[in-house]
Amino acid sequence: MFIPLKENILPQSSPETLSGAQIVVRLLERQGVRTLAGIPGGAILPIYDALSASKLIHHVLVRHEQGGGFIAQGMARATGQPAVCMASSGPGATNLLTAIADAKLDSIPMVAITGQVPRAMIGTDAFQEVDTYGLSLPITKHNFLVNAAADLLDIIPRAFRIAASGRPGPVLIDIPKDVQNQIVEVGEWPAPGVAAAAPAPVVELIDAAAAMINDAAKPILYLGGGVVHSGAAERAVALAEKAGLPTVMTLMALGAMPVDHSLSMGMLGMHGARYANLALDECDLLIAVGARFDDRATGKVAGFCPQAKIVHIDIDPSELDKIKTAHVGIAGDVDESLRLLLPSIKPQARQGWLARVAELKAAQPLRMPGIDDPRTPYGLIRAVSDCLDDEATICTDVGQHQMWVAQAYPLRRPRQWLTSGGLGTMGFGMPAAIGAALAEPQRTVVCFTGDGSILMNVQELVTAAEEKVNVKIVLMNNASLGLVFQQQTMFYGERIYASRFKGMPDFIRVAEGFGVPAIDLDHESDPLAALAAALRQRGPALIHASIALHEQVLPMVPPGAANKEMIGG
Amino acid sequence: MNSISTTENNALSRTVLELDVNNHPGVMSHVVGLFSRRAYNVEGILCMPVGGGATSRIWLLVNEDERLEQMVKQVEKLEDVLAVRRHGAEHEVFERLEEFFL
């Protein structure tokens with residue numbers, strides 16, 4: 001889907017006279033873009049006109065620009081390759097911003113192309129004019145306001161290179177309408193933009209890290225999303241196995257180590273298993289790999305691994321020493337760093353420490369009440385996973401359902417798990433699942449969502465129907481903003497306010513109205529059989545299941561508290 | 001610029017940062033945006049093109065506080081920033097301009 005073309009497929013020929021819009025489309029084709037999502041409007045119509053002539057690019061027409069942004073994210077998260085979304089000026093661009101900010105916080109490579117009013121009208125408060133460049137500045141890895149059509153030949157490959165290089169991220173290109181219409185002669189096409197190689201890690205630091213790992217008595221390996229981005233899951237597991245390292249994962253890293261691996265302690269932090277957080281409290285060395293010490297993972301920083309020395313490996317030098325000062329900080333690609341590190345690691349069984357971790361696990365495991373009952377949250381998640389293999393892609397929205405799935409779904413493959421971690425955007429799930437299914441049509445893509453989240457981008461149900469994507473939306477309905485309800489219950493004296501919905505749409509009719517078949521597990525005499533049938537049938541489907549309002553995500557670290565002060569579970 | 005935060009008020013020393021940047025509209029926004037979003041005041045700014053004008057040099061006068069290390073790393077990450085050099089408060093670039101601020 002994103003195969004950069006070889007020169008001989010699109011031959012170089014004598015100079016061509018093309019508009020800026022045609023140049024954009026040609027460069028996207030040469031970049032290997034085969035699917036992109038967007039919605040046209042006045043200021044981007046020249047590009048859409050040029051796009052209509054493309055035989056290579058399939059344009060997915062969304063119903064809201066944010067949906068387009070998240071479809072692009074779904075494609076990028078599933079494949080690791082930069083994906084493209086498009087919007088017009090003004091409200092088109094502002095609607096896209098949330099999806100761009102979400103990509104920034106989770107380091108997702110994305111190229112957003114927006115139309116802008118003609119240059120002569122910029123700064124006049126023209127119709128649908130907004131300062132897209134200024135608005136996108138703090139939420140992009142880099143952004144461009146294009147001043148001449150000829151500049152596109154440099155800017156577009158550069159945008160892809162920036163999006164994919166080092167720590168990935170979103171890049172926005174704002175193109176005024178007159179630049180799209182400007183005619184220029186193109187003699188030579190630039191090479192497609194690809195990720196630049198990361199600077200090599202410093203060998204002395206690798207040696208120092210190896211010595212610390214070899215000498216540690218109670219080390220823990222802490223994997224973050226960078227392991228997935230870097231394609232380093234295999235080496236991370238190899239490191240854990242060779243050095244005998246109990247391993248925790250952040251929300252973004254789930255799938256990097258199979259959750260049922262003997263060294264896996266699952267997720268750490270706010271909703272991690274008690275034993276995982278307690279083991280971290282005891283460790284004497286924390287090996288952070290592609291992780292950024294996010295507050296949802298660390299809890300109160302002063303109370304996070306209080307006795308531990310820290311080895312920190314990250315491709316982004318500004319992450320080193322940002323939250324916790326590392327004893328050894330290695331700036332470099334995670335996979336390359338692990339490759340250099342592995343030969344210096346002494347094989348160790350670490351029986352004492354692993355026995356201690358096993359003891360903690362036996363005493364305070366992750367409790368998943370109701371796991372055998374498909375009418376409970378954990379039970380429903382287990383029932384879905386029982387119908388699928390590791391080839392399925394699991395996507396979520398944001399809220400209680402997201403945390404339950406993170407805890408309970410047996411994720412075993414990097415890029416199997418797509419979730420909005422840093423920004424925590426409700427409305428992410430369904431369009432991201434559509435994107436994942438477009439990028440990898442052979443897979444079943446399950447989107448777990450809630451009755452709060454799904455309504456934030458519900459219009460994309462019709463896009464799912466139109467594209468006939470193999471997306472199964474599992475809607476866990478508790479008629480509330482569950483995580484808000486839970487926090488009000490636990491931390492605000494049970495003063496429940498603005499978190500219970502009074503009106504509730506008939507989600508079955510909503511889905512069917514949009515052209516998506518739907519089943520209601522509440523009314524099925526054999527919910528397991530109905531679920532299995534819906535998951536087996538190709539194409540989009542919505543699976544509705546009511547869950548009890550009192551169900552909570554546990555354990556929970558109160559916001560601002562240290563991880564060992566978990567409640568419940 | 002932003003109001004000065006308590007931590008900055010308490011800072012005794014200042015730092016001069018010297019940035020080599022690509023010379024085009026937007027570079028200054030990228031640089032100062034990193035400071036403003038952290039409510040980190042920039043005390044002085046000076047920018048002129050160098051050589052043929054393809055690049056510019058930005059001089060920033062900032063209060064030193066615990067966030068400066070992170071700020072410099074963030075500035076270094078910007079696509080259009082080519083180099084960052086740190087100088088002590090004794091650097092004369094802003095001192096020599098003082099006559100324009102009397």
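## Contact between the chains

In this predicted model, 10 residues of chain A are in contact with 10 residues of chain B. On the chain A side, the elements that give two or more residues to this contact are α5 (132–136) and β6. By residue character, the chain A side divides into 6 nonpolar, 3 polar and 1 charged.

## The six-stranded sheet of chain A

Strand β6, named above for its part in the contact with chain B, also belongs to an open sheet of chain A. This sheet has 6 strands in the order β3-β2-β4-β5-β7-β6, and their pairing is parallel. The edges are formed by β3 (58–61) and β6 (142–145); each has a single partner strand, so one side of each is left without a neighbour in the sheet. On average, neighbouring strands are turned by 20° against each other, direction ignored.

Within this sheet, β4 (residues 83–87) and β5 (residues 110–116) of chain A pair in the parallel sense over 5 bridges. One residue pair illustrates the register: Met86(A) has Ile113(A) in β5(A) as its bridge partner. Helix α4 (residues 91–105) of chain A lies across β4, β5 and β7 (170–176) of that chain. The helix runs at about 165° to β5(A).

## A pair of crossing helices

Two packed helices are described by the angle between their axes and the distance between the axes. For helix α8 (residues 203–215) and helix α13 (residues 334–341) of chain A, the axes come within 9 Å and cross at roughly 65°. Angles of 65 to 115 degrees count as roughly perpendicular, and α8(A) and α13(A) are therefore described as roughly perpendicular to each other. Their crossing is right-handed.

The residues that meet are Ile206(A), Ala209(A) and Ala210(A) from α8(A), and Ser337(A), Leu340(A) and Leu341(A) from α13(A). This contact comprises 5 nonpolar residues, 1 polar residue and no charged residue.

## A buried strand in chain A

What is the degree of burial along strand β18 of chain A? The strand (residues 471–477) is mostly covered, with 7 of its 7 residues buried. Val471(A), Ile473(A), Leu475(A) and Asn477(A) point one way from β18(A), while Lys472(A), Val474(A) and Met476(A) point the other way; all are buried.

Strands of a sheet pair through backbone hydrogen bonds, either parallel or antiparallel. Strand β17 (residues 445–450) of chain A runs parallel to β18(A) and is joined to it by 6 bridges. Among the bridged residues, Gly450(A) has Met476(A) as its partner in β18(A).

## Two leucines in different settings

Is Leu411(A) buried or exposed? Leu411(A) lies in the loop between α16 (400–408) and β16 (417–418) of chain A. There are 24 other C-beta atoms within 10 Å of this residue. A residue counts as buried if 20 or more such atoms lie within that distance, so Leu411(A) is buried. Leaving aside residues up to four places away in sequence, Leu411(A) touches Leu254(A), Gly255(A), Val259(A), Ile394(A), Gln416(A) and Trp417(A). Ser453(A) is 42 residues from Leu411(A) along the chain, and their C-alpha atoms are separated by 22 Å.

In chain B, Leu97(B) is found in the segment after α4 (92–95). With 13 other C-beta atoms within 10 Å, Leu97(B) is partly exposed. Leu97(B) and Leu46(B) are 51 residues apart in sequence, and their C-alpha atoms are 9.7 Å apart in space.

Notes. Residues numbered from 1 in each chain as written. Chains lettered and ligands numbered in written order. Predicted model: local features only at pLDDT ≥ 70, side-chain atom pairs only at ≥ 80, totals over all residues. Helix = DSSP H or I, 4+ residues; strand = E, 2+ residues; numbered from the N terminus. Buried ≥ 20, exposed ≤ 12 C-beta atoms within 10 Å, placed from the backbone. Contact = placed C-beta atoms within 7 Å. Axes fitted to C-alpha atoms, helices over the stretch in contact; angles between N-to-C directions. Parallel < 35°, antiparallel > 145°, perpendicular 65-115°, else oblique. Left-handed = near helix turned anticlockwise from the far one by under 90°. Nonpolar A, V, L, I, M, F, W, Y, C, P; charged D, E, K, R; others polar. Pairing = 2+ DSSP bridges.
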